[in-house]
Amino acid sequence: MESKKRHIVIIGGGFGGIATAKALKNTDADVTIIDRLNHHLFQPLLYQVATAELSPGDIAAPIRSIINKNPRIKVILGEVEKINPDKNTLQMRNGQIIPFDQLVMATGAQYNYFGHEEWAEYAPGMKSVSDALKVREKLLMSMEQAEGLDDSNKRKSLLTYVIIGGGPTGVEMAGAIAEVAGNGTKHGYRNIKPEEARIYLIEAGPRILNAFPESLGEKAKKMLEKMGVKVLLNTPVTNIEKNKVYLKVGSIETINIIWAAGIKASSLLDTLKVEQDRSGRVIVEPDLSIPQYPDIFIIGDSAHRVDKKGMPLPALAPVATQQGKFVGNLIAKEGKRKTNAKFVYTDKGTMATIGRAKAVADIRGLKFSGFFAWALWSFIHVLSLIGFRNRTRVFVEWIWNYFTYKRGVRLITDRSGCMHCTTYEKLHKELLEVHA
Ligand SMILES: Cc1cc2nc3c(=O)[nH]c(=O)nc-3n(C[C@H](O)[C@H](O)[C@H](O)COP(=O)(O)OP(=O)(O)OC[C@H]3O[C@@H](n4cnc5c(N)ncnc54)[C@H](O)[C@@H]3O)c2cc1C
(Lines give C-alpha, C1' and ligand atoms only; values in the text may rest on other atoms or scores of the structure.)
Protein backbone atom coordinates (compact mmCIF):
# COMPACT_ATOMS: atom_id res chain seq x y z
CA MET A 1 0.00 0.00 0.00
CA GLU A 2 1.33 3.44 -0.92
CA SER A 3 2.18 5.50 2.17
CA LYS A 4 0.59 8.93 2.53
CA LYS A 5 2.89 11.86 1.73
CA ARG A 6 3.72 14.39 4.41
CA HIS A 7 1.66 17.56 3.98
CA ILE A 8 3.08 21.00 4.82
CA VAL A 9 0.60 23.87 4.88
CA ILE A 10 1.72 27.51 4.74
CA ILE A 11 -0.89 30.12 5.62
CA GLY A 12 -0.02 33.44 4.00
CA GLY A 13 1.68 34.28 0.72
CA GLY A 14 3.41 37.39 2.07
CA PHE A 15 7.13 37.81 2.73
CA GLY A 16 7.34 34.96 5.25
CA GLY A 17 5.11 32.50 3.38
CA ILE A 18 6.84 32.94 0.02
CA ALA A 19 10.30 32.61 1.59
CA THR A 20 9.18 29.35 3.27
CA ALA A 21 7.82 27.99 -0.01
CA LYS A 22 11.05 28.86 -1.86
CA ALA A 23 13.14 27.11 0.80
CA LEU A 24 10.97 24.01 0.31
CA LYS A 25 11.91 23.67 -3.34
CA ASN A 26 13.53 20.25 -2.83
CA THR A 27 11.18 18.97 -0.19
CA ASP A 28 9.85 15.42 -0.11
CA ALA A 29 6.46 16.68 1.12
CA ASP A 30 3.37 18.05 -0.59
CA VAL A 31 3.03 21.75 0.09
CA THR A 32 -0.09 23.92 0.11
CA ILE A 33 -0.08 27.72 0.37
CA ILE A 34 -3.38 29.23 1.50
CA ASP A 35 -4.01 32.95 1.19
CA ARG A 36 -7.18 35.01 1.20
CA LEU A 37 -5.64 37.09 -1.62
CA ASN A 38 -4.34 35.68 -4.88
CA HIS A 39 -1.23 37.85 -4.83
CA HIS A 40 1.93 38.53 -2.92
CA LEU A 41 2.20 42.23 -2.07
CA PHE A 42 5.32 44.32 -1.58
CA GLN A 43 3.86 46.40 1.25
CA PRO A 44 6.85 48.76 1.69
CA LEU A 45 5.89 50.46 -1.61
CA LEU A 46 2.15 50.70 -0.97
CA TYR A 47 2.53 54.39 -0.17
CA GLN A 48 3.75 54.95 -3.74
CA VAL A 49 0.53 53.41 -5.08
CA ALA A 50 -1.43 55.68 -2.72
CA THR A 51 0.42 58.73 -4.00
CA ALA A 52 0.08 57.81 -7.67
CA GLU A 53 3.72 57.05 -8.39
CA LEU A 54 3.32 53.31 -9.00
CA SER A 55 0.50 51.06 -10.20
CA PRO A 56 -0.72 48.12 -8.09
CA GLY A 57 0.66 45.68 -10.67
CA ASP A 58 4.16 47.08 -10.12
CA ILE A 59 4.28 45.92 -6.51
CA ALA A 60 2.16 42.77 -6.54
CA ALA A 61 2.52 39.37 -8.21
CA PRO A 62 0.14 36.39 -8.33
CA ILE A 63 1.22 33.75 -5.82
CA ARG A 64 0.61 31.05 -8.42
CA SER A 65 3.06 32.62 -10.84
CA ILE A 66 5.75 32.92 -8.16
CA ILE A 67 5.67 29.23 -7.26
CA ASN A 68 4.72 27.99 -10.72
CA LYS A 69 7.98 26.12 -11.31
CA ASN A 70 7.45 23.81 -8.36
CA PRO A 71 4.81 21.11 -9.10
CA ARG A 72 4.83 20.03 -5.44
CA ILE A 73 3.30 23.34 -4.32
CA LYS A 74 -0.42 23.94 -4.59
CA VAL A 75 -2.18 27.27 -3.95
CA ILE A 76 -5.62 27.66 -2.39
CA LEU A 77 -7.39 30.99 -2.45
CA GLY A 78 -9.42 31.32 0.73
CA GLU A 79 -9.47 32.48 4.31
CA VAL A 80 -8.47 30.26 7.19
CA GLU A 81 -10.87 30.73 10.07
CA LYS A 82 -9.59 28.46 12.78
CA ILE A 83 -6.69 26.17 13.70
CA ASN A 84 -7.16 23.01 15.72
CA PRO A 85 -3.61 22.34 16.97
CA ASP A 86 -4.58 19.15 18.84
CA LYS A 87 -5.97 17.52 15.71
CA ASN A 88 -3.46 19.01 13.22
CA THR A 89 -6.26 20.47 11.13
CA LEU A 90 -7.39 23.91 10.03
CA GLN A 91 -10.81 25.11 9.07
CA MET A 92 -11.47 27.35 6.09
CA ARG A 93 -14.16 30.01 6.09
CA ASN A 94 -16.24 27.85 3.73
CA GLY A 95 -16.20 25.06 6.31
CA GLN A 96 -13.59 22.89 4.56
CA ILE A 97 -11.24 21.06 6.94
CA ILE A 98 -7.63 20.70 5.80
CA PRO A 99 -5.25 18.33 7.63
CA PHE A 100 -1.53 19.06 7.93
CA ASP A 101 1.57 17.38 9.25
CA GLN A 102 3.40 20.66 9.60
CA LEU A 103 1.92 24.13 9.60
CA VAL A 104 3.70 27.44 8.97
CA MET A 105 1.64 30.48 9.92
CA ALA A 106 2.78 33.64 8.15
CA THR A 107 -0.42 35.61 8.47
CA GLY A 108 1.12 39.03 9.06
CA ALA A 109 -0.54 41.86 10.91
CA GLN A 110 -3.31 44.40 10.71
CA TYR A 111 -3.59 48.01 11.87
CA ASN A 112 -4.06 48.59 15.58
CA TYR A 113 -6.48 51.33 16.59
CA PHE A 114 -5.74 50.67 20.26
CA GLY A 115 -9.32 49.89 21.23
CA HIS A 116 -10.88 52.56 18.98
CA GLU A 117 -11.92 50.36 16.07
CA GLU A 118 -14.53 52.97 15.11
CA TRP A 119 -11.68 55.27 13.99
CA ALA A 120 -10.84 52.90 11.13
CA GLU A 121 -13.76 54.19 9.08
CA TYR A 122 -12.47 57.77 9.10
CA ALA A 123 -8.73 57.12 9.28
CA PRO A 124 -7.96 54.12 7.06
CA GLY A 125 -4.59 52.40 7.22
CA MET A 126 -2.85 50.81 4.26
CA LYS A 127 -2.37 47.06 4.27
CA SER A 128 -3.68 46.09 0.86
CA VAL A 129 -3.83 47.30 -2.73
CA SER A 130 -7.46 48.27 -2.27
CA ASP A 131 -6.59 50.33 0.86
CA ALA A 132 -3.91 52.18 -1.11
CA LEU A 133 -6.28 52.81 -4.02
CA LYS A 134 -8.90 54.25 -1.66
CA VAL A 135 -6.30 56.64 -0.23
CA ARG A 136 -5.19 57.59 -3.76
CA GLU A 137 -8.76 58.19 -4.85
CA LYS A 138 -9.42 60.46 -1.87
CA LEU A 139 -6.15 62.34 -2.22
CA LEU A 140 -6.65 63.05 -5.92
CA MET A 141 -10.32 63.88 -5.52
CA SER A 142 -9.61 66.42 -2.78
CA MET A 143 -7.12 68.15 -5.11
CA GLU A 144 -9.61 68.15 -7.99
CA GLN A 145 -12.26 69.68 -5.77
CA ALA A 146 -9.87 72.30 -4.42
CA GLU A 147 -8.82 73.21 -7.95
CA GLY A 148 -12.44 73.97 -8.79
CA LEU A 149 -12.87 76.49 -5.95
CA ASP A 150 -11.96 80.16 -6.22
CA ASP A 151 -11.94 80.90 -2.51
CA SER A 152 -8.53 79.95 -1.11
CA ASN A 153 -9.96 79.63 2.43
CA LYS A 154 -12.35 76.98 1.24
CA ARG A 155 -9.59 75.23 -0.66
CA LYS A 156 -7.51 74.90 2.50
CA SER A 157 -9.57 72.24 4.23
CA LEU A 158 -9.55 70.11 1.09
CA LEU A 159 -5.78 70.48 0.91
CA THR A 160 -5.18 69.44 4.51
CA TYR A 161 -3.67 66.01 5.12
CA VAL A 162 -3.23 64.32 8.47
CA ILE A 163 -0.99 61.29 8.83
CA ILE A 164 -1.10 59.66 12.24
CA GLY A 165 2.04 57.78 13.30
CA GLY A 166 5.66 58.84 12.87
CA GLY A 167 7.16 55.45 11.96
CA PRO A 168 8.63 54.73 8.50
CA THR A 169 5.18 54.39 6.86
CA GLY A 170 3.94 57.74 8.24
CA VAL A 171 7.19 59.50 7.34
CA GLU A 172 7.24 58.11 3.80
CA MET A 173 3.58 58.92 3.27
CA ALA A 174 3.96 62.50 4.57
CA GLY A 175 6.95 63.11 2.29
CA ALA A 176 5.16 61.72 -0.75
CA ILE A 177 2.01 63.77 -0.10
CA ALA A 178 4.12 66.91 0.30
CA GLU A 179 5.58 66.04 -3.05
CA VAL A 180 2.18 65.77 -4.79
CA ALA A 181 0.11 68.40 -2.98
CA GLY A 182 2.94 70.88 -2.61
CA ASN A 183 3.80 70.79 -6.30
CA GLY A 184 0.32 71.33 -7.74
CA THR A 185 1.42 73.50 -10.64
CA LYS A 186 3.95 70.89 -11.76
CA HIS A 187 1.06 68.43 -11.88
CA GLY A 188 -1.19 70.64 -13.97
CA TYR A 189 -3.27 72.33 -11.27
CA ARG A 190 -3.58 76.06 -11.89
CA ASN A 191 -5.45 77.25 -8.82
CA ILE A 192 -3.70 75.28 -6.09
CA LYS A 193 -0.73 77.11 -4.58
CA PRO A 194 2.06 75.10 -2.91
CA GLU A 195 1.62 77.05 0.35
CA GLU A 196 -2.03 76.04 0.57
CA ALA A 197 -1.25 72.41 1.26
CA ARG A 198 -1.14 71.69 4.99
CA ILE A 199 0.38 68.33 5.84
CA TYR A 200 0.49 67.18 9.46
CA LEU A 201 2.50 64.22 10.68
CA ILE A 202 1.25 63.45 14.17
CA GLU A 203 3.26 61.36 16.61
CA ALA A 204 2.32 60.55 20.20
CA GLY A 205 5.95 60.00 21.25
CA PRO A 206 8.82 62.46 21.57
CA ARG A 207 10.39 61.66 18.14
CA ILE A 208 9.74 60.21 14.71
CA LEU A 209 11.40 57.05 13.36
CA ASN A 210 12.03 55.75 16.84
CA ALA A 211 13.51 52.48 15.56
CA PHE A 212 16.31 54.54 13.92
CA PRO A 213 19.21 56.27 15.69
CA GLU A 214 18.06 59.59 17.19
CA SER A 215 20.23 61.70 14.86
CA LEU A 216 18.52 60.18 11.79
CA GLY A 217 15.07 60.78 13.29
CA GLU A 218 16.04 64.42 13.79
CA LYS A 219 17.38 64.68 10.22
CA ALA A 220 14.19 63.16 8.83
CA LYS A 221 12.13 65.68 10.81
CA LYS A 222 14.14 68.59 9.42
CA MET A 223 13.83 67.29 5.85
CA LEU A 224 10.07 66.93 6.22
CA GLU A 225 9.73 70.40 7.72
CA LYS A 226 11.70 71.84 4.83
CA MET A 227 9.12 70.28 2.52
CA GLY A 228 6.34 72.00 4.44
CA VAL A 229 5.22 69.09 6.65
CA LYS A 230 4.23 70.10 10.19
CA VAL A 231 5.61 67.43 12.49
CA LEU A 232 3.69 67.39 15.78
CA LEU A 233 5.52 65.39 18.47
CA ASN A 234 4.16 64.39 21.90
CA THR A 235 0.72 64.82 20.40
CA PRO A 236 -1.57 61.87 21.04
CA VAL A 237 -4.75 61.75 19.02
CA THR A 238 -7.67 61.76 21.46
CA ASN A 239 -10.53 61.14 19.05
CA ILE A 240 -11.32 60.82 15.36
CA GLU A 241 -14.65 61.65 13.87
CA LYS A 242 -15.74 62.00 10.29
CA ASN A 243 -13.45 64.65 8.75
CA LYS A 244 -11.99 65.67 12.10
CA VAL A 245 -9.00 64.66 14.21
CA TYR A 246 -8.96 65.70 17.87
CA LEU A 247 -5.59 66.27 19.49
CA LYS A 248 -4.57 66.88 23.11
CA VAL A 249 -4.96 70.55 22.28
CA GLY A 250 -7.24 71.54 19.41
CA SER A 251 -8.46 69.68 16.35
CA ILE A 252 -7.84 69.51 12.59
CA GLU A 253 -10.57 69.33 9.96
CA THR A 254 -9.89 67.39 6.81
CA ILE A 255 -11.22 64.56 4.69
CA ASN A 256 -7.69 63.19 4.31
CA ILE A 257 -6.82 61.24 7.44
CA ILE A 258 -4.40 58.32 7.19
CA TRP A 259 -3.62 55.91 10.01
CA ALA A 260 -0.04 54.62 10.27
CA ALA A 261 0.24 54.18 14.03
CA GLY A 262 0.95 50.65 15.08
CA ILE A 263 -0.03 47.13 14.18
CA LYS A 264 -1.42 44.04 15.85
CA ALA A 265 -0.98 40.45 14.74
CA SER A 266 -3.55 38.54 12.71
CA SER A 267 -6.60 37.51 14.77
CA LEU A 268 -6.33 33.94 13.44
CA LEU A 269 -3.59 33.41 16.05
CA ASP A 270 -6.16 33.79 18.84
CA THR A 271 -7.68 30.45 17.83
CA LEU A 272 -4.46 28.63 18.83
CA LYS A 273 -5.05 29.48 22.51
CA VAL A 274 -1.36 29.88 23.28
CA GLU A 275 0.57 32.73 24.94
CA GLN A 276 0.50 36.03 23.00
CA ASP A 277 2.09 39.43 23.66
CA ARG A 278 0.23 42.75 23.90
CA SER A 279 0.13 43.08 20.10
CA GLY A 280 -1.32 39.59 19.71
CA ARG A 281 1.92 38.03 18.47
CA VAL A 282 2.54 34.45 19.58
CA ILE A 283 5.58 33.87 21.80
CA VAL A 284 7.57 31.32 19.84
CA GLU A 285 10.39 28.91 20.71
CA PRO A 286 13.95 29.53 19.42
CA ASP A 287 13.15 27.35 16.37
CA LEU A 288 9.96 29.45 15.78
CA SER A 289 7.60 26.60 16.68
CA ILE A 290 5.04 27.10 19.41
CA PRO A 291 5.32 25.56 22.86
CA GLN A 292 3.80 22.07 23.03
CA TYR A 293 3.20 21.98 19.27
CA PRO A 294 6.59 21.36 17.61
CA ASP A 295 4.97 21.00 14.17
CA ILE A 296 3.32 24.43 14.15
CA PHE A 297 5.58 27.37 13.30
CA ILE A 298 4.81 31.07 13.42
CA ILE A 299 6.89 33.57 11.48
CA GLY A 300 7.02 37.23 10.46
CA ASP A 301 4.72 39.88 11.89
CA SER A 302 2.72 37.18 13.71
CA ALA A 303 5.66 35.93 15.79
CA HIS A 304 7.19 37.31 18.96
CA ARG A 305 10.85 36.31 19.04
CA VAL A 306 13.55 38.25 20.84
CA ASP A 307 16.98 39.30 19.58
CA LYS A 308 20.32 38.92 21.40
CA LYS A 309 19.50 41.90 23.60
CA GLY A 310 16.15 40.43 24.60
CA MET A 311 14.17 42.92 22.47
CA PRO A 312 11.32 41.61 20.26
CA LEU A 313 12.32 41.47 16.60
CA PRO A 314 10.70 44.29 14.61
CA ALA A 315 7.78 43.76 12.20
CA LEU A 316 9.89 44.10 9.06
CA ALA A 317 10.02 42.32 5.74
CA PRO A 318 13.61 41.00 6.21
CA VAL A 319 12.65 39.41 9.55
CA ALA A 320 9.73 37.57 7.90
CA THR A 321 11.87 36.54 4.91
CA GLN A 322 14.76 35.21 7.01
CA GLN A 323 12.36 33.35 9.30
CA GLY A 324 10.56 31.83 6.31
CA LYS A 325 13.84 30.59 4.87
CA PHE A 326 14.90 29.21 8.25
CA VAL A 327 11.68 27.23 8.81
CA GLY A 328 11.55 26.02 5.19
CA ASN A 329 15.06 24.61 5.47
CA LEU A 330 14.31 23.11 8.87
CA ILE A 331 11.33 21.03 7.73
CA ALA A 332 12.20 20.38 4.09
CA LYS A 333 13.31 16.75 4.55
CA GLU A 334 11.48 14.30 6.75
CA GLY A 335 13.64 12.86 9.53
CA LYS A 336 16.38 15.43 8.86
CA ARG A 337 15.06 18.10 11.21
CA LYS A 338 17.77 19.47 13.47
CA THR A 339 17.10 19.35 17.17
CA ASN A 340 17.92 22.54 19.12
CA ALA A 341 17.77 24.66 15.96
CA LYS A 342 17.71 28.36 16.77
CA PHE A 343 16.69 31.27 14.55
CA VAL A 344 19.12 34.22 14.60
CA TYR A 345 18.19 37.42 12.79
CA THR A 346 20.82 39.20 10.70
CA ASP A 347 20.01 42.90 10.79
CA LYS A 348 21.24 44.43 7.53
CA GLY A 349 19.84 47.87 8.33
CA THR A 350 16.76 50.06 8.18
CA MET A 351 15.84 52.89 5.84
CA ALA A 352 13.01 55.28 5.02
CA THR A 353 12.49 57.74 2.15
CA ILE A 354 11.55 61.35 2.66
CA GLY A 355 9.88 62.77 -0.40
CA ARG A 356 11.68 63.00 -3.67
CA ALA A 357 15.25 61.73 -3.77
CA LYS A 358 15.95 61.89 -0.05
CA ALA A 359 16.11 59.19 2.60
CA VAL A 360 17.68 58.18 5.89
CA ALA A 361 19.45 54.85 6.32
CA ASP A 362 21.14 53.03 9.16
CA ILE A 363 23.23 50.21 7.70
CA ARG A 364 24.95 48.17 10.38
CA GLY A 365 25.66 51.25 12.48
CA LEU A 366 26.65 53.45 9.51
CA LYS A 367 24.28 56.37 9.14
CA PHE A 368 23.40 57.94 5.79
CA SER A 369 20.97 60.65 4.82
CA GLY A 370 20.00 62.65 1.74
CA PHE A 371 20.47 61.63 -1.89
CA PHE A 372 22.95 58.80 -1.29
CA ALA A 373 20.60 57.14 1.22
CA TRP A 374 17.78 57.46 -1.31
CA ALA A 375 19.88 55.90 -4.10
CA LEU A 376 20.69 53.02 -1.73
CA TRP A 377 17.02 52.70 -0.73
CA SER A 378 15.96 52.64 -4.40
CA PHE A 379 18.55 50.04 -5.33
CA ILE A 380 17.62 47.70 -2.47
CA HIS A 381 13.89 48.06 -3.04
CA VAL A 382 14.12 47.43 -6.77
CA LEU A 383 16.19 44.30 -6.11
CA SER A 384 13.76 43.08 -3.45
CA LEU A 385 10.73 43.20 -5.73
CA ILE A 386 9.56 39.86 -7.04
CA GLY A 387 10.04 39.33 -10.78
CA PHE A 388 12.20 40.93 -13.43
CA ARG A 389 9.17 42.65 -14.99
CA ASN A 390 8.21 44.47 -11.80
CA ARG A 391 11.82 45.44 -11.11
CA THR A 392 12.23 46.93 -14.58
CA ARG A 393 8.93 48.78 -14.49
CA VAL A 394 9.53 50.30 -11.06
CA PHE A 395 13.07 51.30 -11.99
CA VAL A 396 11.88 53.03 -15.18
CA GLU A 397 8.99 54.71 -13.34
CA TRP A 398 11.34 56.10 -10.69
CA ILE A 399 13.82 57.43 -13.21
CA TRP A 400 10.97 59.03 -15.17
CA ASN A 401 9.52 60.60 -12.04
CA TYR A 402 12.92 61.82 -10.89
CA PHE A 403 13.58 63.77 -14.08
CA THR A 404 10.05 64.91 -14.94
CA TYR A 405 8.32 65.21 -11.51
CA LYS A 406 5.44 63.38 -13.21
CA ARG A 407 3.33 60.81 -11.41
CA GLY A 408 1.89 58.59 -14.07
CA VAL A 409 -0.96 57.01 -12.14
CA ARG A 410 -3.07 59.99 -11.16
CA LEU A 411 -6.28 58.21 -12.11
CA ILE A 412 -9.60 58.56 -10.35
CA THR A 413 -11.22 55.35 -11.42
CA ASP A 414 -14.15 54.36 -9.27
CA ARG A 415 -16.20 57.21 -7.93
CA SER A 416 -19.29 55.11 -7.43
CA GLY A 417 -17.74 52.13 -5.71
CA CYS A 418 -15.00 53.40 -3.43
CA MET A 419 -15.47 53.92 0.25
CA HIS A 420 -15.76 57.68 0.24
CA CYS A 421 -16.56 58.55 -3.35
CA THR A 422 -20.33 58.49 -3.13
CA THR A 423 -20.08 61.00 -0.33
CA TYR A 424 -17.70 63.41 -2.02
CA GLU A 425 -20.31 65.88 -3.13
CA LYS A 426 -21.94 65.72 0.31
CA LEU A 427 -18.54 65.93 1.93
CA HIS A 428 -17.60 68.86 -0.20
CA LYS A 429 -20.79 70.62 0.84
CA GLU A 430 -20.15 69.82 4.50
CA LEU A 431 -16.63 71.21 4.30
CA LEU A 432 -17.87 74.38 2.66
CA GLU A 433 -20.45 74.75 5.43
CA VAL A 434 -17.78 74.26 8.10
CA HIS A 435 -15.71 77.04 6.58
CA ALA A 436 -18.55 79.37 5.61
C1 LIG B 1 2.39 50.35 4.49
C2 LIG B 1 3.51 49.44 4.97
C3 LIG B 1 4.83 49.81 4.78
C4 LIG B 1 5.86 48.98 5.20
N5 LIG B 1 7.17 49.37 4.97
C6 LIG B 1 8.17 48.52 5.29
C7 LIG B 1 9.52 48.86 4.99
O8 LIG B 1 9.81 49.94 4.44
N9 LIG B 1 10.50 47.96 5.28
C10 LIG B 1 10.21 46.75 5.88
O11 LIG B 1 11.12 45.95 6.09
N12 LIG B 1 8.95 46.42 6.20
C13 LIG B 1 7.92 47.27 5.93
N14 LIG B 1 6.62 46.93 6.24
C15 LIG B 1 6.39 45.70 7.02
C16 LIG B 1 6.42 44.46 6.16
O17 LIG B 1 5.61 44.62 5.03
C18 LIG B 1 5.98 43.29 7.02
O19 LIG B 1 6.87 43.16 8.10
C20 LIG B 1 5.95 42.00 6.22
O21 LIG B 1 4.98 42.09 5.20
C22 LIG B 1 5.61 40.82 7.14
O23 LIG B 1 5.57 39.65 6.39
P24 LIG B 1 4.58 38.46 6.81
O25 LIG B 1 4.87 37.34 5.90
O26 LIG B 1 4.64 38.25 8.28
O27 LIG B 1 3.13 39.06 6.52
P28 LIG B 1 2.52 39.67 5.20
O29 LIG B 1 3.55 40.00 4.21
O30 LIG B 1 1.61 40.74 5.66
O31 LIG B 1 1.66 38.47 4.61
C32 LIG B 1 0.56 37.94 5.30
C33 LIG B 1 -0.30 37.17 4.30
O34 LIG B 1 -1.20 36.36 5.01
C35 LIG B 1 -2.48 36.41 4.42
N36 LIG B 1 -3.46 36.08 5.47
C37 LIG B 1 -3.63 36.71 6.65
N38 LIG B 1 -4.59 36.11 7.36
C39 LIG B 1 -5.05 35.09 6.60
C40 LIG B 1 -6.06 34.11 6.79
N41 LIG B 1 -6.78 34.03 7.92
N42 LIG B 1 -6.29 33.21 5.80
C43 LIG B 1 -5.57 33.27 4.64
N44 LIG B 1 -4.60 34.18 4.41
C45 LIG B 1 -4.34 35.08 5.38
C46 LIG B 1 -2.56 37.84 3.90
O47 LIG B 1 -3.51 37.96 2.87
C48 LIG B 1 -1.13 38.09 3.43
O49 LIG B 1 -0.95 37.77 2.08
C50 LIG B 1 5.57 47.75 5.84
C51 LIG B 1 4.24 47.38 6.04
C52 LIG B 1 3.21 48.22 5.61
C53 LIG B 1 1.78 47.81 5.82
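Reader: In which helix is the place of I399?
Author: This is a predicted model, in which local features need pLDDT of at least 70, side-chain atom pairs count only at pLDDT 80 or more, and totals for chains, interfaces and linings use all residues. Residues are numbered from 1 along each chain as its sequence is written, while side-chain values use heavy atoms and leave out hydrogens and water. With helices taken as DSSP runs of H or I with at least four residues, and strands as E runs of at least two, both numbered from the N terminus, residues 388-404 make up the helix that holds I399, namely helix 11.

Reader: Why does I399 count as partly exposed?
Author: Partly exposed lies between buried, under 20% relative accessible area, and exposed, over 50% (1.4 Å probe, protein chains only). I399 therefore falls in this class, because its relative accessibility is 39%.

Reader: Which strands stand at the edges of the open sheet of four strands?
Author: The strands of this sheet pair in parallel and follow the order 13-12-11-17, where pairing requires that DSSP finds at least two bridges between two strands. A single partner strand is present for each edge strand, so one side of each has no neighbour in the sheet; these are strand 13 (229-232) and strand 17 (256-259).

Reader: Which residue of strand 12 is the bridge partner of Y161?
Author: Strand 11 (residues 160-164) runs parallel to strand 12 (residues 198-202), and five bridges join the two. Y161 has its bridge partner in strand 12, and that residue is I199.

Reader: What is the bridge partner of A352 in strand 24?
Author: Strand 24 (residues 359-363) pairs with strand 23 over four bridges in the antiparallel sense. In strand 24, A352 is partnered by V360.
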